[in-house]
Amino acid sequence: MEETVEGKRATVHDVARTAGVSLATVDRVLNARPGVRPETAEKVENAIKALDFRRDLSASLLARARDLRVTFLIPDGGNAFMESLVAAVGRRMRAIRNERLTLAATPYHALDPAALISRLDGLNPREIDCAVIVAPDDPAVAKAVDSATRRGVAIITLVSDLPNSSRRHFIGIDNQAAGRTAASLLGRFCATPGKVGIIAGSLGLRDHRERFEGFAGVLGREFQHLEIVGPLEGFDDDGATEAAALKLLELHKDLTGVYNLGAGNAGLVAALGKTHRAGNVRVVAHELSDTTRGALRAGTLDVVLDQNPDGEIRAAIAAARQVAMSPDAAVHSETIEIGIFLRDNLR
């Protein structure tokens, strides 16, 4: 419930009066512009907190005399999770009518830095205010992000980060923590000595590398009776992931666990079925989909770690609004929690 001033929502005038400063000073603090002494800025911030002042972003957008325009650049190629992100953008498109906000989703060829670079180079600041991108960790992509930023298009990374670029903010789970969680679970499930196979989509993706690093760290410290095999790359493709899983299952008869830290789960499920190892090998995978739900119910998968695509899209849009309203200020977003699903808690 919002705090009010004399029964009304607090305004910038209330903040200025409470802090004992001018409206111009409040505006500088709200937009993180220079020219305000630290002690004065502190007075304004204290007044904002005391009044529970909340900026009316819709009114601010209206003052721009045009909509905030946000585009999502998301890989194509049949990746179930990426498809769920596109679907979440579509649901937000229907929900944000009359909010001075225009959304679009544009695909590019998966695991193809050149395709993403072409999309980034085509962004026109007269047409797009902010691009939210799922990107491979590639120096040329980072340069394209820097170029788009210089042209006036703000970039937010989604799912996988590009910290060595001028991107404004990252939206996604803590991928190191996701890998640690997978290792902690598999280590407990696989009580006897054996091997754990790792399948990655691509180690050219920062989120996949971080998951592997987190997994290997915990398994090496806490579950030394288990040996890591791989990672093999499945390129987030069902067929390639099936081939990688079959290779692991056929070469390592003492394989007791599998961690698929990317996509291609339909291929993994198929490989377990073909080798008659479903239910005998403990498996942790990512992203809740029709395939992984069915595999959890059947006992083929033991755990699915999920990152809530609808929550990520909402957080990305909120971050884009903040960037538009306060181009130089820090961006704050809700934490994207790691969902842990077993057969027992499927909804």
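1. Start with E39, which sits at 42% relative accessibility and so counts as partly exposed. Its side chain meets that of R37 in a salt bridge, 3.7 Å from N to O. R37, at 55% relative accessibility, counts as exposed. Keep in mind that this is a predicted model.

2. That pair is part of a wider set: the structure holds 14 salt bridges. Another of them links D161 and R167, whose closest N and O atoms are 2.8 Å apart. Here D161 is buried, with a relative accessible area of 11%, while R167 counts as partly exposed at 22%.

3. Have a look at K274 and E242 too, whose side chains form a salt bridge at 2.5 Å, N to O. K274 belongs to helix α11 (residues 265-274) and E242 to helix α10 (residues 238-251), so this pair ties together parts that are 32 residues apart in sequence. E242 counts as buried, at 15% relative accessibility, whereas K274 counts as exposed at 55%. Elsewhere, D137, R206, R209 and E210 are joined into one network by salt bridges that share partners.

4. Now for helix α9, residues 206-222. With 17 residues at 1.5 Å a residue, α9 should span 24 Å, and its end C-alpha atoms are indeed 24 Å apart, so the two agree.

5. Which residues of α9 are buried? They are D207, H208, R211, G214, F215, V218 and L219. Viewed down the axis of α9, these buried residues fall within an arc of 130 degrees, so they line one face of the helix. Among the elements covering them are α8 (175-189) and the strands β8 (194-200), β9 (226-233), β10 (255-260) and β11 (282-286).

Notes
Residues numbered from 1 in each chain as written. Predicted model: local features only at pLDDT ≥ 70, side-chain atom pairs only at ≥ 80, totals over all residues. Heavy atoms only, no water. Helix = DSSP H or I, 4+ residues; strand = E, 2+ residues; numbered from the N terminus. Expected span 1.5 Å × (residues − 1). Buried < 20%, exposed > 50% of the residue type's maximum accessible area, 1.4 Å probe, protein only. Arc of directions from axis to C-beta. Contact = heavy atoms within 4.5 Å. Salt bridge = Lys/Arg side-chain N within 4 Å of Asp/Glu carboxyl O.
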